[in-house]
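Here is a friendly walk through one molecular model, written for someone who would like to look along on screen. Please open the view and keep it beside the text.

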Amino acid sequence: MTAVGADRRQQLAYVATQAADARLNVEIETEGMTLNIGPQHPATHGTLRLVARLDGEQVVEAEPIMGYMHRGYEKLAEVRTYPQVTTLINRIDWLGSFANEVPFILAAEKLMEVEAPPRAQWIRTVLFELSRIANITLFLGDMAVQLGAITPVFMAFRDREFVLNQIEAVTGGRFHPNFDRIGGVKDDLPKGWIEDTKQAMEKIRDFCDEFEDLVLGNEIFQSRSRGIGIVPPAIGLSYGLSGANIRASGVDWDLRRDGHEALVYDQLDWKVWTHPDGDSFARYWVRLQETREATHMVDQLLDGLPAGPIMAKVPRIIKVPAGEAYAATENPLGEMGYYIVSKGDLVPFRVKIRSASFSNISITPWLLKGVYVPDIITILASLYFILGDIDR
Amino acid sequence: MTQLSSTEIENDVAEAGPQPDKRREAWAGQLAEALDDGFVAHHIIAGSDLWVRVTRDSWTDAAIAARDLLGCQFFDWLSAIDWLPSPYGRDMDAQEDNPQPKAADPMEQGHAGGQTRFQMVVRLYSIAEHLGITIKADLPNDDLRIDSLIQVYAGANWHEREAWEMFGIHFNSHPDLRHIYLPGEFEGNPLRKDFPLLARRVKPWPGIVDVELFPGEESS
Amino acid sequence: MNAGVAMSGLLAVEVPYWATAIIKMGVIALVIPTAALVLGYVFLMKIMSFMQSRLGPMEAGPYGTLQLLADGLKFLQKEDIFPEKADRTVFALAPLVVLVSTFLIYVVIPTGPDAVVAQLDVGIFYALAVSSLSVVGILMAGWASANKYALMGGLRAAGQLIAYELPLVLAVMGVVIQAGTLDLQKIVTAQATGEIFGWDGIGNPFILTQFVGFFIFLVAVQAELTQPPFDMPVAESEIVGGYQVEYTGFRFLFFFMGEFGTAFAFAALAAVMFLGGWALPWGDLEHWAFNIVGPVIMLVKVMAVAALIFWFRFTYPRLREDQLQRLAWKFLIPLSLLNIVVTGVFKVIL
């Protein structure tokens with residue numbers, strides 16, 4: 001095949017440039033060092049590998065290498081029925097699992113032209129926001145621990161537990177709920193759940209206040225994160241950055257508000273937080289505000305929960321009519337979407353998973369040029385990726 | 001295009017409902033005008049989505065036009081679809097039950113049509129208008145190459161690498177076409193339909209047949 | 001602490017020179033692991049756990065008191081691994097150098113009128129000098145490990161420790177000017193018998209007049225110990241433990257003991273120089289009973305200072321290397337110089 005020849009030529013060209021770089025280094029009598037960060041490294045929480053060429057402590061070039069956890073969900077989904085697929089995609093972003101199911105179910109519902117009854121949609125939205133909190137609280141602790149403060153992460157784990165308990169009380173699963181169904185949700189809310197959840201939200205709000213003081217207000221944290229890893233809005237968009245990462249660059253775009261998916265965000269009173277700076281600090285700040293906003297949203301959702309059925313009329317054995325549909329939601333990590341191609345069968349013909357972290361992390365080679373080694377950690381932590389979301 | 005404050009922006013989801021048809025029509029019209037012969041077909045689902053199919057040669061032009069004319073600054077994703085009906089069926093049966101590959105069904109392309117087995121798909125999104133567009137392009141069966149979009153959207157880099165390894169599509173002038181997920185010595189293109197899912201070739205999947213009946217329900 | 005010396009004073013028994021030397025060595029050899037264990041248990045395991053809303057070790061012994069002992073035994077059982085390309089001699093020696101530097105500090109720390117291993121005229125000068133020996137050990141470890149992370153950690157440590165030697169010494173200068181001596185024993189006496197602007201109710205613990213010096217000393221100690229917010233040389237999330245990354249078993253244990261032993265030693269130095277050491281401002285400082293009470297008083301003060309040191313450690317995030325250097329050269333050193341000038345002026349006026 002001709003393509004192979006071209007590949008080989010390109011590889012050779014690549015090797016040649018590498019060799020030329022090495023010669024250059026010899027001429028000016030410094031020696032670059034290639035540092036292999038990961039796949040087993042505390043800062044990569046997962047198995048991301050970063051190959052960084054360093055000059056002293058300055059990064060000349062850095063390239064993330066992933067695939068250590070590639071599970072091939074797009075291929076596996078092609079032989080599983082629609083309800084079976086949700087089990088798989090729970091494992092994409094494992095910190096906010098329920099949020100993974102929603103866009104897939106929404107895309108399938110689009111194709112089937114069913115709409116979940118209002119109560120189901122409200123429950124979906126509640127759980128969606130709860131998984132956002134469960135996800136982002138961990139980020140709030142994790143970035144602090146990446147910057148060397150060892151205590152906040154324990155607080156994050158402590159308070160995240162309240163949210164996980166609430167998710168578990170409804171779905172039966174702490175990490176992988178597998179709760180969303182085409183046409184509704186699996187179960188109704190248990191008795192007393194609403195009060196418990198409101199109390200948990202109180203705790204999360206306290207947690208947010210605490211972190212605003214403890215982490216955001218800390219001079220060392222600020223000096224480590226302000227002005228580090230600035231993403232200009234246009235560059236960020238062309239790399240496909242989404243979610244809090246792009247909102248921290250001042251782009252006022254949130255799929256919860258601007259998307260056209262059937263969740264009930266338009267009936268809530270809430271605010272999209274943006275920050276003009278685009279640096280690591282801004283990303284942390286935006287996520288912290290979003291967590292607090294999410295608790296208010298959960299409160300509103302619980303107050304306005306309509307009565308009614310939780311499942312629409314759908315056939316027992318789900319065959320999705322032929323067609324193509326793309327649905328995307330604002331997941332904790334950013335835009336997550338599923339492009340489903342159906343041929344009117346029990347299984348999807350093709351599922352393209354658009355996961356947020358994959359695009360978010362693709363900016364790193366651009367962003368890491370010329371930074372210092374400690375800043376690699378800041379930038380990676382603030383971009384916030386989850387390996388399952390990159391590798392799928 | 002980018003707004004710095006968040007409070008003053010009107011919540012425009014509610015009024016977006018009835019109009020998007022016109023807006024999407026307008027988009028398709030604009031693209032058709034810009035691409036001329038390169039524009040092959042389009043498909044609109046009212047209030048939901050827009051598909052546009054372009055020729056392979058105007059692939060980059062379509063992306064540029066979408067970015068500059070339609071304001072689709074956000075690069076969502078890029079991938080490909082293999083329209084070949086799977087020769088292995090759904091892999092519900094064990095190999096010993098169903099040793100012969102099935103005769104292929106006729107190929108059937110989706111929205112906005114298509115002629116060939118492989119089709120490129122790219123999704124772009126306009127932050128200002130909150131509209132997305134899916135652009136497709138057919139690839140000739142004997143020459144799986146297409147221009148790279150890196151010059152238009154920097155983020156296309158990794159998506160193209162993924163499409164390259166999963167489908168074996170070559171991207172012209174891509175600087176760094178290497179494996180992204182699979183190990184370097186991996187052979188084959190896993191997301192092609194004729195690439196067998198080996199786990200299923202060995203063992204049947206106990207899926208779908210054992211749907212339990214509800215109490216009092218009779219099987220039909 | 002240092003019971004042998006105390007006993008000799010107490011019983012008025014003539015102990016031959018060689019016997020005191022052996023007793024002293026034995027005591028020091030006991031004190032350091034004990035100090036490391038106590039600090040490790042109280043602060044690293046318990047206080048830190050309580051700060052992080054967890055219990056810490058609870059199984060080994062009552063309230064997990066024996067946990068560190070168990071950890072120590074575990075380290076001893078582990079295989080002694082040398083990296084393939086490591087410089088074996090240097091690699092093996094490095095933890096010893098670090099530990100020896102810790103041992104040497106203890107020699108001059110007084111815990112009673114007679115309970116001191118060696119009363120040197122240049123005590124404080126000596127203590128700070130030998131404490132910087134550990135840099136050599138760390139550089140050796142970083143270089144000999146043949147590991148990029150270790151090398152970076154070693155270089156960072158060297159840059160950091162050298163930068164913070166200066167504020168450390170300058171911070172002590174104020175105390176030395178006020179006490180008029182470098183001898184730690186005499187610094188203790190000066191504090192117990194001193195007076196603050198004519199009032200001698202509690203003597204003159206130098207923390208009251210030298211609070212700037214105390215602050216600088218604590219910050220510099222934090223950097224010397226490579227603890228957060230200055231733990232870049234061992235930054236877990238960046239360079240995975242820095243110079244320690246290739247060490248296992250008892251060699252790692254040496255580093256661990258060195259770290260906590262040095263923390264104890266610096267806390268003791270701070271207690272001696274700023275908090276009045278083993279003495280109380282009341283009573284006869286020459287009385288033999290201070291050889292018994294002194295170590296206890298000392299321990300209380302040391303734990304108080306150590307609590308501060310470790311509290312910082314558990315609270316703050318980590319600075320970047322350049323920010324750390326900036327802090328040292330642009331803030332701490334000018335401040336300590338100013339402190340010296342002010343102290344000198346007061347000394348002359350009063």
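The report goes through an interface, a sheet, a nonpolar core and one further chain.

This is a predicted model, in which local features need pLDDT of at least 70 and side-chain atom pairs count only at pLDDT 80 or more, while totals for chains, interfaces and linings use all residues. Residues are numbered from 1 along each chain as its sequence is written, and chains are lettered from A and ligands numbered from 1 in the order in which they are written.

Let us begin where chains A and C meet. Here 25 residues of chain A are in contact with 22 residues of chain C; contact means that the C-beta atoms of two residues, placed from the backbone, lie within 7 Å. Several elements of chain A each supply at least two residues to this side, including strand 1 (33–37), helix 5 (118–146) and helix 15 (373–383). Helices (H or I, at least four residues) and strands (E, at least two) are DSSP runs numbered from the N terminus. Helix 8 of chain A gives the largest share, four residues. The classes on this side of chain A are tabulated below, with Ala, Val, Leu, Ile, Met, Phe, Trp, Tyr, Cys and Pro counted as nonpolar, Asp, Glu, Lys and Arg as charged, and the others, Gly among them, as polar.

| Class | Residues of chain A on the side touching chain C |
|---|---|
| nonpolar | 17 residues |
| polar | six residues |
| charged | two residues |

Chain A also holds an open, antiparallel sheet of three strands in the order 6-7-8; strands pair if DSSP finds at least two bridges between them. Strand 6 (323–331) and strand 8 (350–354) of chain A are its edges, each pairing on one side only. Strand 7 (residues 334–342) of chain A meets strand 8 of chain A over five antiparallel bridges, and A:Tyr339 has A:Lys352 in strand 8 of chain A as its bridge partner.

Next comes the largest nonpolar core, a set of buried Ala, Val, Leu, Ile, Met, Phe, Trp, Tyr and Cys residues joined through C-beta atoms within 7 Å. A residue is buried if 20 or more other C-beta atoms lie within 10 Å of its own. Of the 278 residues in this core, C:Phe264 and C:Ala267 touch the most other members. Helix 12 (residues 249–274) of chain C contributes the most, 18 residues. Leaving aside residues up to four places away in sequence, C:Ala267 touches C:Val302, C:Val305, C:Ala306 and C:Ile309.

Finally, chain B has five helices and seven strands, and 40% of its 220 residues count as buried.

Key
Buried ≥ 20, exposed ≤ 12 C-beta atoms within 10 Å, placed from the backbone.
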